[in-house]
Amino acid sequence: MKNFCRVTLIILCALASNVSRGENYPSRSDLLWVTNPDHPDWLYETGDSAMISVELYRYGIPVDGVDVEYTIGPDMLAADAEGRLALKGGKGTINIGTMHEPGFRDLRLTAVFDGHKFSHHVKVGFSPEKLVPFVKEPGDFVEFWERAVAEDVKFPLSYTLEPVEKYTTDKMSCQLVRLQTTPGGKSMYGYLFIPKGGGRYPAVLTPPGAGVKTIKDPMIHRYYGEGGMIRLEIEIHGLHPELTEAQFAAERKEKGDYLKFGLDDPNRYYMKDVYLGCRRFIDFLTSLPEWDGKNLFTQGGSQGGALAITTAMLDDRVTGCVANHPALSDMTGYLGDKTGGYPHHFRKNPEDATPDKIRTLEYYDVVNFARHLKCPVRMTWGFNDNTCPPTTSYEVYNVISAPKDALLTPINEHWTTVPTERGHYEWIKSHCR
């Protein structure tokens, strides 16, 4: 891949016969889009023109004589071009132009059948390895967090453990942890999986994606515990994972905008307790007699990817970090007329960006944590992601000076596959000492 030799490029595609083709194949949809950039890695140099071939099938049959409307614009920003493509035999080609600054260009497609609109999009990158984040790092960023951690460690570790039989197997035990995360009594929960056998094992902390919700099916990653690793899957809001859906709905109504709570003051921002609470779980994991005393990892996706990075920076006992499409990255980007990261503060209302809010976000932006990482890092992200856009994932990756590698999956939106997740496990195993 051009000018990005550190990155291992693996393009995942459902059409095994042509790995450069991009498609969406939604369940139970009459329409199938296939979009194919003329660079098989979906990457271009600034100044290059990108050609995208478009194919459209209905019931698996190429559509003919159908007009596809399209707009083209920078990643997550307003369109700067539009047009109409007349498909012939279900196929056509669109020149989406170029970019003269590093970034991503997004082709957005729409077709109408029987009054129903069907949409698709595809993003390609222009010298994204040269992307530079907009967010600034406060001069006292490191000192701010050193003080916060120093205060945090003053109060003793306090937790309870409760056996969870439904997640216990013949190869691993499961316990529900309730960990006090602040002197004021706030807590977080987590499912702790420990291999059976009486040995000592590497440990992996897995923070959650965004939202107010239960810990989603912790058995999906049972191969960690059954394969010889301690794994702790946590939540961040102090909500027992066995609450009913009605109870979670009530909590979502109350806490749904938590990423905005206290945004005027970096010492009162909601995420301060979250960042420190995740680090407090490192204290817990390292206190376990089953921990091997050497290998400690953080791993997560989206908000969980962000928290994997922040926790790894805040505690140098972490020996490796794995992050999928990290959220909370370059969050003030829209103020620089460029793409910003989830939760997309100020995208629609830039007038809300007061100096105090901007200052707070600078202390919590994952880009600024990534600059200070010392442990090895593995990242993965997709180009078609509109939740945590590829622009911000590249910006995080680009500022990391620690040993790093990336798995690029251009066709992916805001998801990873089972093989990708299993690959994280293998990466972690390979980095155990």
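I started at Tyr191, which I found in strand β14, a run covering residues 187-195. The model I am reading is a predicted one.

Is Tyr191 buried or exposed? I looked up its relative accessible area, which is 2%, and since buried means under 20%, Tyr191 counts as buried. Leaving out residues up to four places away in sequence, I listed what Tyr191 touches, and the list includes Val164, Tyr167, Cys174, Leu176, Ile215 and Pro218 as well as Arg231, Glu233 and Glu242. I also checked a pair that involves this residue: Tyr191 and Lys117 are 74 residues apart in sequence, and their C-alpha atoms are 43 Å apart in space.

Next I went to Trp381, which sits in strand β19, residues 377-381. Its relative accessibility is 1%, so I entered Trp381 as buried too. With residues up to four places away in sequence again set aside, I noted that Trp381 touches His325, Pro390, Ser393, Tyr394, Tyr397, Ala406, Leu407, Leu408 and Thr409. For a separation, I took Trp381 and Leu192, which are 189 residues apart in sequence and 27 Å apart in space, C-alpha to C-alpha.

I then turned to the nonpolar cores. Which residues touch the most other members of the largest one? That core has 106 residues, and the ones I wrote down are Trp145, Met271, Tyr275 and Leu285. Helix α4, residues 270-287, gives the most to this core, with 10 residues. I followed Tyr275 further and found that, not counting residues up to four places away in sequence, it touches Trp145, Leu307, Thr310, Leu314, Leu328, Tyr364 and Phe369. Apart from the largest core lies another, of 10 residues, among them Val164, Cys174, Phe193 and Met219. I set beside this the general remark that nonpolar side chains tend to be buried together in soluble globular proteins.

Last, I looked at the protein as a whole. I counted nine helices and 20 strands in its secondary structure. The radius of gyration is 23 Å, close to the 22 Å that the globule rule gives for 433 residues, so I noted the protein as being as compact as a globular protein of that length. Taken along the principal axes, its C-alpha atoms fill a box of roughly 70 × 50 × 45 Å. Buried residues make up 56% of the 433, and among contacts between residues at least 6 apart in sequence, 70% join residues at least 24 apart. The accessible surface comes to about 18,300 Å², and carbon and sulfur atoms account for 50% of it. For the charges, I compared the mean positions of the 48 positive and 56 negative ones, which are 3 Å apart.

Notes
Residues are numbered from 1 along each chain as its sequence is written. This is a predicted model: local features need pLDDT of at least 70, side-chain atom pairs count only at pLDDT 80 or more; totals for chains, interfaces and linings use all residues. Side-chain values use heavy atoms; hydrogens and water are left out. Helices (H or I, at least four residues) and strands (E, at least two) are DSSP runs, numbered from the N terminus. The radius of gyration is taken over C-alpha atoms; the globule rule is 2.2 Å times the number of residues to the power 0.38. Buried means under 20% relative accessible area, exposed over 50%, partly exposed in between (1.4 Å probe, protein chains only). Contact means heavy atoms within 4.5 Å. Accessible areas come from the Shrake-Rupley method with a 1.4 Å probe; for residues, only the protein chains shown count as cover. Lys and Arg count as positive and Asp and Glu as negative; His and the chain ends are not counted. The place of a charge is taken as NZ of Lys, CZ of Arg, CG of Asp or CD of Glu. A nonpolar core is a set of buried Ala, Val, Leu, Ile, Met, Phe, Trp, Tyr and Cys residues joined through side-chain atoms within 4.5 Å.
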